[in-house]
Amino acid sequence: MNQESVTRFDMKRPPMRTKWYLRPLTYLLSEPDVLLHRAKITKVGTEGLRPPYVLLCNHNAFLDFKVATKAIWPHRANYVVAIDGFIGREELLRRVGCICKRKFTSDLTLVRQLKRVVQNGDVCMIYPEARYSLCGTTAVLPQSLGKLCKLLNVPVVTLICHGHHIDSPFWNLHPRGVKPTEAELTVQFTVEQLQKATADEINERLVAAFQYDEYAWQRARGIRVTYPKRAEGLEKVLYQCPACQTEFQMASEGSELFCRACKKRWTYLETGELLAQSGTTEFSHIPDWYEWERANVRAEVEAGTYDSGPLPVTVRSLPNAKRFLPLGEGTMRHDRTGFTVWGTDPNGEPFRMEKSVPSLYSCHIEYNYLGKYGDCVDLNSLTDTWYIYPHDCAFSVTKMALATEELYQKDRRDAGCPCKPGLA
């Protein structure tokens, strides 16, 4: 594939205000699922709230968008959406107000687009976690968020949804019929408050507002999930066995999670908790298991031993919203220097992408993308997006995502930069 001749997505095209005839359509398409889940939206401090304002939403499932549409009705919004969301429907998404973003890139064009949204008098809808939560807890937020809010100089509002991960977790999207779900629409800063606050103070409040734990929420509400295959896919997140410490040997079937190495098994209860079928239950709370894995990755990073080794991969490129293009077979390595991907396309032309540790505070991953391509890491430049699929090897894209965050934080500490909880 001749990369030079490929048409790139036009990131500079001005955002469109949602066409008047599409606004009720977005509401009508959202309302059935909102009603199905009996979504309860609580509004705090929103008296007299009118656009323009920034709406920051947490991100757990596609239901997030539908609840957000209901929460801001009848006002119109422009939505920041990753480029893969535009595939095959670019014009439609532009007409309903979507703005394209390549994940985890520093993009001044997006800032200009958001300023235009504010000037138009509409809602800027942003999902600052930039990916679905892997285990129903808060993902890291960018440090630039406070500066962006001050630059836009409009009220800052949060929409924190609960129950969406429990209903359709990222590791197994099959809906489980969870209801009622809940959401809080909260004004965090008026314009006057925003002008008096520093960027650090804004970040501190937003990090606090974004604290959530879906499994704790489920337990507190007494919600039971009876879906018989509820554990299937959980090994994508819980990739390391706490009993024998072995990585990449976890598996699942039905409502059970088990380790192929030591044969220990856990039951994923209807209440969202884990129970060992024999011996000690190391972690009954799924986020605790996930954070234990993070701590183990952090130890590797601190010791300087983290290294995925060279992994054979297939690379698919998304330069525009038409379709993925096969870039070719290659090799990926993730280590103390960051990500390096290299290979040769079908025409014999070499390709290469490097993402250094300081350039990537987190990364986007997918589990069994579109149900047929397998697990992958998504790396971006300002002009291209590569979906990179390791194969024929033991690995975990979850571990790579954790390592990306821990490598970045170590790099900042080594550089003498302050590291604040919840921020990158």
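Select T226 to begin: in this predicted model, the residue is classed as exposed because its relative accessibility is 54%, and the cut-off for that class is over 50%. T226 belongs to the loop that runs between α9 (214-221) and β8 (250-253). Next, add R176 to the selection. Although 50 residues separate T226 and R176 along the chain, their C-alpha atoms lie 7.7 Å apart.

Turn now to the interior. Five cavities of 30 Å³ or more are counted, and the largest of them encloses about 90 Å³. To display its lining, select T18, R23, T26, T69, I72, W73, P74, H75, R76, A77, Y79 and V96. Colouring by secondary structure then shows which elements contribute two or more residues to this lining: α1 (23-36), α2 (63-72) and β3 (77-82). Colouring by residue class instead separates the lining of the largest cavity into six nonpolar, four polar and two charged residues.

The next stop is the second largest cavity, with a volume of about 70 Å³. Select F9, D10, M11, R13, P15, F86, R94, C98, I99, C100 and Q113, which line this second space. Which strand gives the most to the lining of the second largest cavity? Strand β4, covering residues 98-101, does so with three residues. By class, the lining of the second largest cavity comprises seven nonpolar residues, three charged residues and one polar residue.

Methods. Residues numbered from 1 in each chain as written. Predicted model: local features only at pLDDT ≥ 70, side-chain atom pairs only at ≥ 80, totals over all residues. Heavy atoms only, no water. 1 Å grid on protein atoms, 1.4 Å probe; cavity = no way out; pocket = protein on both sides within 12 Å on 5 of 7 lines; lining within 4 Å. Points joined across faces, edges and corners; volume = space filled by probe spheres on them. Helix = DSSP H or I, 4+ residues; strand = E, 2+ residues; numbered from the N terminus. Nonpolar A, V, L, I, M, F, W, Y, C, P; charged D, E, K, R; others polar. Buried < 20%, exposed > 50% of the residue type's maximum accessible area, 1.4 Å probe, protein only.
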